[in-house]
Amino acid sequence: MPQLPDVEIMTIGDELLYGQVIDTNSAFMGQELAKIGLRVRQISSVSDRADEIVAALDQARQRAQVVLITGGLGPTKDDLTKHVLARYFGSELVLHEPTLAHVEDIFRRFKRPMLDVNRQQALVPANCEVVFNAVGTAPGMWFEDQGTVFVSMPGVPHEMKYLMTEGVLPRLQERFQVKPIEHIVVQTVGLGESFLAEQIVDWEAALPANFKLAYLPYLGGVRLRLTGSDDGQPHLRQRMEALLPELRTRLGEHLFAEGEIKLEEAVGQLLLARGLTLGTAESCTGGLLAHKITSIPGSSAYFRGSIVAYHNDIKTRELGVLPATLAAFGAVSEETVREMAEGARARLGVDVALATSGIAGPDGGRPDKPVGTICIAYADARGTVSRKFTFNRGRQLNVEYTVTMALNLLRQNLPAAE
């Protein structure tokens, strides 16, 4: 069995270096490569300068046996990648007829004139193997030179994803005879990474040598990824799954799902399964809670609406919060947020409701209620529960933490399925 190659990801484009575009391509490629057991050694970004691209290629081949390149394949003058690659590998650009026919078909279907610059998208280095791009005009290019594989792909994310999924990953698996690998993801919320690790320290220590556990923190929780690599024994997946019951027991209420699923999706599945409708009343989150909920396809089956009650007048008029409550306890209080949740439930006609209020910052705090003080509440026919937190992680993170804790409060308090 040959040794698995190290992989380097190289992104090309001034827009990445200037921060005008966020590099999501590398994250996707890293995730997909990990799924098939290939390690990314380094990720680098390079400007749209031929000499710097060549220098980066020289350096990459010293570190890795596979170099995956994205960007610089567009039709404009600043897109230099294939011209540089042609010179780098001692070749010239030639017309690839199948790609030209594909590009012509795209322009014909959209009833747009095809310019010469569009025709040039079908030019590729003569010594590359073309990786067909069914969702765009720029083909991928596969080179093998002195034991190193170089693959160039468009920087447009959906085109890169298509090429990686349909062309590059399967070929890498075949080319390097990648061993089987399995991943199981367990999602937790409401427990920090160090506390979580402490709860399962002996469970993790007892894992077989070919099983590895990764802690992947996110806002308000931790994803646990258990990876099993082939050890020559059968039933790898089943052996991994046999370890999960003990892990579930250790994690308890902090475990909300297994698999690549977000908290808002898991909550939506619970609401749907139990036939319950949901509404929200939001102050400090300004509609972000409703946005998270409705980002899930099919959420209209359980989500009815939201009232963004930023000003106290709206809290009283639209949600029925008593002026006396506001006067006695303030807008950021468990008393107020409980009345907001109860008012939203009545006003929106829903089975369950969530409410948020807080001091997100950067100012507005005081000694008894510092910046980051957050109150959330959940209401259903059985009653209302509330919680108070102090996050103090900066305005945006305070808001996002509030949304996570509100969704978790909902998950923890939903009526049991009948």
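**Close-up views of a predicted model**

**View 1. Lining of the second largest pocket.** The elements β1 (6-12), α1 (14-17) and α7 each supply at least two residues of the lining of the second largest pocket. The model shown here and in the views that follow is predicted. The volume of the second largest pocket is about 440 Å³. Its lining counts 29 residues, and those closest to the pocket centre are E15, G71, P154, G155 and V156. Sorted by class, the lining of the second largest pocket holds eleven nonpolar, twelve polar and six charged residues.

**View 2. Packing of helix α2 against helix α7.** Helix α7, which contributes to the lining in View 1, spans residues 157-176, and helix α2 spans residues 25-35. The axes of α2 and α7 come within 11 Å and cross at roughly 25°. With the limit for a roughly parallel pair set at angles under 35 degrees, α2 is therefore roughly parallel to α7. The crossing of these two helices, α2 and α7, is right-handed. On the α2 side the contact is made by N25, F28, M29, E32 and L33. On the α7 side the contact residues are P157, M160, K161, M164, T165, L169 and L172. The contact of α2 with α7 comprises eight nonpolar, two polar and two charged residues.

**View 3. The largest pocket and the elements around it.** The largest pocket encloses about 830 Å³ of space. Its lining is made of 29 residues, of which Q187, R223, E260, I261 and K262 are the closest to the centre. Two or more lining residues come from each of the helices α2, α12 (263-274), α13 (288-294) and α17 (395-413). The strands β9 (181-189), β10 (211-218), β11 (221-229) and β12 (255-258) likewise give two or more residues each. Which element gives the most to the lining of the largest pocket? That element is α2, with five residues. By class, the lining of the largest pocket divides into twelve nonpolar, six polar and eleven charged residues.

**View 4. Packing of helix α12 against helix α17.** Both α12 and α17 also give two or more residues to the lining of the largest pocket in View 3. Their axes lie 10 Å apart, and α12 and α17 pack at an angle of about 25°. An angle under 35 degrees counts as roughly parallel, and α12 and α17 are therefore roughly parallel to each other. The crossing in which α12 passes α17 is left-handed. From α12, the residues L263, E264, V267, L270 and L271 meet T404, L407, N408, L410 and R411 of α17. Six nonpolar, two polar and two charged residues make up the contact of α12 with α17.

**View 5. Packing of helix α3 against helix α4.** Helix α3 covers residues 50-63 and helix α4 covers residues 81-88. Their axes are 10 Å apart, and α3 and α4 pack at an angle of about 55°. Is the pair α3 and α4 roughly parallel or oblique? Angles under 35 degrees count as roughly parallel, and 65 to 115 as roughly perpendicular; α3 is therefore oblique to α4. The crossing of α3 past α4 is right-handed. Contact residues in α3 are A50, I53, V54, L57, D58 and R61, and those in α4 are V84, L85, R87 and Y88. By class, this contact of α3 with α4 has seven nonpolar, no polar and three charged residues.

**View 6. The cavity.** The structure holds one cavity of 30 Å³ or more. The volume of the largest cavity is about 40 Å³. Which residues line the largest cavity? The lining is formed by L73, K82, Q121, L123, V124, A138, P139 and M141. One of these, K82, falls within α4 (residues 81-88). Six nonpolar residues, one polar and one charged, make up the lining of the largest cavity.

**View 7. Backbone geometry at P362 and H235.** The peptide bond from G361 to P362 is cis, and its omega is near 5°. P362 sits in the loop between β15 (352-358) and β16 (373-380). H235 is not a glycine, although its phi is positive, at about 60°. The loop that holds H235 runs between β11 and α10 (236-241). The strand β11 also gives two or more residues to the lining of the largest pocket in View 3.

Technical notes. Residues numbered from 1 in each chain as written. Predicted model: local features only at pLDDT ≥ 70, side-chain atom pairs only at ≥ 80, totals over all residues. Heavy atoms only, no water. Axes fitted to C-alpha atoms, helices over the stretch in contact; angles between N-to-C directions. Helix = DSSP H or I, 4+ residues; strand = E, 2+ residues; numbered from the N terminus. Parallel < 35°, antiparallel > 145°, perpendicular 65-115°, else oblique. Left-handed = near helix turned anticlockwise from the far one by under 90°. Contact = heavy atoms within 4.5 Å. Nonpolar A, V, L, I, M, F, W, Y, C, P; charged D, E, K, R; others polar. 1 Å grid on protein atoms, 1.4 Å probe; cavity = no way out; pocket = protein on both sides within 12 Å on 5 of 7 lines; lining within 4 Å. Points joined across faces, edges and corners; volume = space filled by probe spheres on them.
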